Amino acid sequence: MITPALPLSHTRPASADESITAWALAARGGDSVAVDHFVRALHRDVTRYVAHLCADPQAVDDLAQDTFLRALGSLHRFEGRSSARTWLLSIARRAVADSIRSTAVRPRPADLPDWEPAAELAQPRGLPGFDDGVALLELLAGLPYERREAFVLTQLLGLPYAEAAALSNCPVGTVRSRVARARATLLALLAAAEKPDSAASTQGAGRPLVAA
């Protein structure tokens, strides 16, 4: 039985973000231990974010690595005006955008393997309302890009709406609207998954389409 409930935002404590920002500032000064703490603290967030945004599951690890390489190369310009996590995710967003542009110029073969195994590390665990039969990653994949990004940033990574809006270059109200519409779509999918005939109706039809 699947309970049609979605996870609430797991906002990271302010002290944690302050520590990560402090590590970034220390790393800027050449502290190798701080570099290690900074990377370890944000590696999972970056991996989740790029896994949900990029169109190529095989590129997730490379994009995460590229994000950190870009960040470490730009640390001398980081002044701590925003949290290091928001700063790093903005770099990840640009890395994904660059990858998409590159793929558009040099198309890759379309016969890619199923993307869920490649994104396994990004799969959230223990979220209320999801059992083994319903993969959050699969449901999110059907959402329009902007709504998926807003949901991932605020509900999975725990960014405040204001920071998510700044990262996405849109008003806070737009982020709230996108999250609300994303949750409504996901709730509808969860409710549909409870119906006895849902499995039979989609069998052999591939992944069901999600309405925008």
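**Exercise 1. Determine which residues of α3 are buried, and where around the helix they lie.**

Begin with the buried residues of α3, taking buried as under 20% relative accessible area, exposed as over 50% and partly exposed as in between (1.4 Å probe, protein chains only): these are Val-60, Leu-63, Ala-64, Thr-67, Phe-68, Ala-71 and Ser-74. They cover an arc of only 135 degrees around the axis, and therefore lie on the same side of α3; the arc is that of the directions from the helix axis to the C-beta atoms. An α-helix has 3.6 residues a turn, so residues three or four places apart point the same way. On the other side of α3, Asp-61, Asp-62 and Leu-69 are exposed.

The model is a predicted one, in which local features need pLDDT of at least 70 and side-chain atom pairs count only at pLDDT 80 or more, while totals for chains, interfaces and linings use all residues. Residues are numbered from 1 along each chain as its sequence is written, and side-chain values use heavy atoms, with hydrogens and water left out.

**Exercise 2. Compare the expected span of α2 with its end-to-end distance, then describe its start and its bend.**

Helices (H or I, at least four residues) and strands (E, at least two) are DSSP runs, numbered from the N terminus. The expected span is 1.5 Å times one less than the number of residues, so the 22 residues of α2 (residues 32–53) should span 32 Å, which agrees with the 30 Å between its end C-alpha atoms. At the N-terminal end, Asp-31 acts as a cap, with a side-chain oxygen 3.0 Å from the backbone nitrogen of Val-33. Further along, α2 has a kink of about 45 degrees centred on Leu-42, the bend at a residue being the angle between axes fitted to the seven residues ending there and the seven starting there.

**Exercise 3. Identify the residues with the most partners in the largest nonpolar core, and follow one of them.**

A nonpolar core is a set of buried Ala, Val, Leu, Ile, Met, Phe, Trp, Tyr and Cys residues joined through side-chain atoms within 4.5 Å. The largest has 47 residues, of which Phe-38, Val-46, Tyr-49, Leu-89 and Leu-153 touch the most other members. Among the elements giving two or more residues to this core are α2, α4 (84–105) and α6 (145–156). Leaving aside neighbours within four places in sequence, Tyr-49 is in contact (heavy atoms within 4.5 Å) with residues including Leu-89, Ala-92, Leu-153 and Leu-167.

Notes. Polar contact = N/O pair within 3.5 Å; in protein donor to acceptor, adjacent residues only side chain to side chain.
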